[in-house]
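Here are some short exercises on salt bridges and burial, each with a worked solution. Have the model open as you go.

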Amino acid sequence: MTADSACLFVAATGIRPQGQLAYTKALSASFGAMGFENHPLRVLAKALRGGGAAIPDSQATPLEKEKLVSYARLQQPSVHLALLVAWKTASRWAEVADLSSAQFLLVTQKEVIVDWFQTPKGRTHDPFKASRFAVIQGPLTTEIAMLFKKCAPFAPLTRLSTSALDSLWGQSVQMQGYTAHSIKRGAVKHLLPLVTSGKLSPHLIDRLTKHEEEGGPGTLSRTTLRYAGGDVDLARALETGKVTRHL
């Protein structure tokens, strides 16, 4: 399959624009990871976004940090850990649930570094993106490091799926009205005042949330990232720690 035929495939699905955009982004990332030309797919994705496909039909209610942390501390260690990592990295629940101890490049009480590419879903994406790593620093880092010691080696952080978490919260008085995606929305909302006050650069938030556009301001080229490799020094150089200190 070429990038051109992939575009035709997406168009032929006949699904809603939001679904077409999801297919296009996934195919573009897969082509890029395999070293294939993906320019037509990137153009299609841009056109779909221009047509409003990136606007979701509904949005999850943003979750406040204090509510999340107080709930997390009442849960078993694996769920407790996954909730804190999801908040600190402004991630979707499924991304965090896929993580295992092998994806944590470094764990200390002052710093935790996650390599998203090593997750099962991450391997379908481009490994040479600045958003590949998340450096966790600041509040909750010590708590995450202590919980990490209780993890089973190479097992997923939690077996709790997104739908299972949504169902659990639907039955909880404390979490009524929230969904798994409320974590990421809440983290992003928490960070926005720091952008308007000039304390944080918007492109670093995009990098942490994995929304950074290739070739955008402050990004490193894929070639530079390929030469740098996937180690702790590169993760720190990408500066997501400047964002997580505020979460």
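Glu95 has a relative accessible area of 24%, so it counts as partly exposed (buried is under 20%, exposed over 50%, partly exposed in between, with a 1.4 Å probe and protein chains only). The model is predicted: local features need pLDDT of at least 70, side-chain atom pairs count only at pLDDT 80 or more, and totals for chains, interfaces and linings use all residues. Residues are numbered from 1 along each chain as its sequence is written, and side-chain values use heavy atoms, leaving out hydrogens and water.

**Exercise 1.** Find the salt-bridge partner of Glu95 and place both residues.

*Step 1.* Look for a side-chain nitrogen of Lys or Arg within 4 Å of a carboxyl oxygen of Asp or Glu. Lys210 fits, with the closest N and O atoms 3.3 Å apart.

*Step 2.* Glu95 lies in helix H6 (residues 93-97) and Lys210 in the loop between helix H10 (202-208) and helix H11 (222-228), so the pair ties together parts 115 residues apart in sequence. Helices here are DSSP runs of H or I with at least four residues, strands runs of E with at least two, numbered from the N terminus.

*Step 3.* Lys210 is partly exposed too, at 22%.

**Exercise 2.** Is Glu111 buried or exposed, and which residue does it pair with?

*Step 1.* Glu111 is buried, with a relative accessible area of 10%.

*Step 2.* Its salt bridge is with Arg236, the closest N and O atoms being 2.7 Å apart.

*Step 3.* Arg236 counts as partly exposed at 40%.

**Exercise 3.** How many salt bridges does the whole structure hold?

*Solution.* A search finds 5; one of them joins Glu143 and Arg73.
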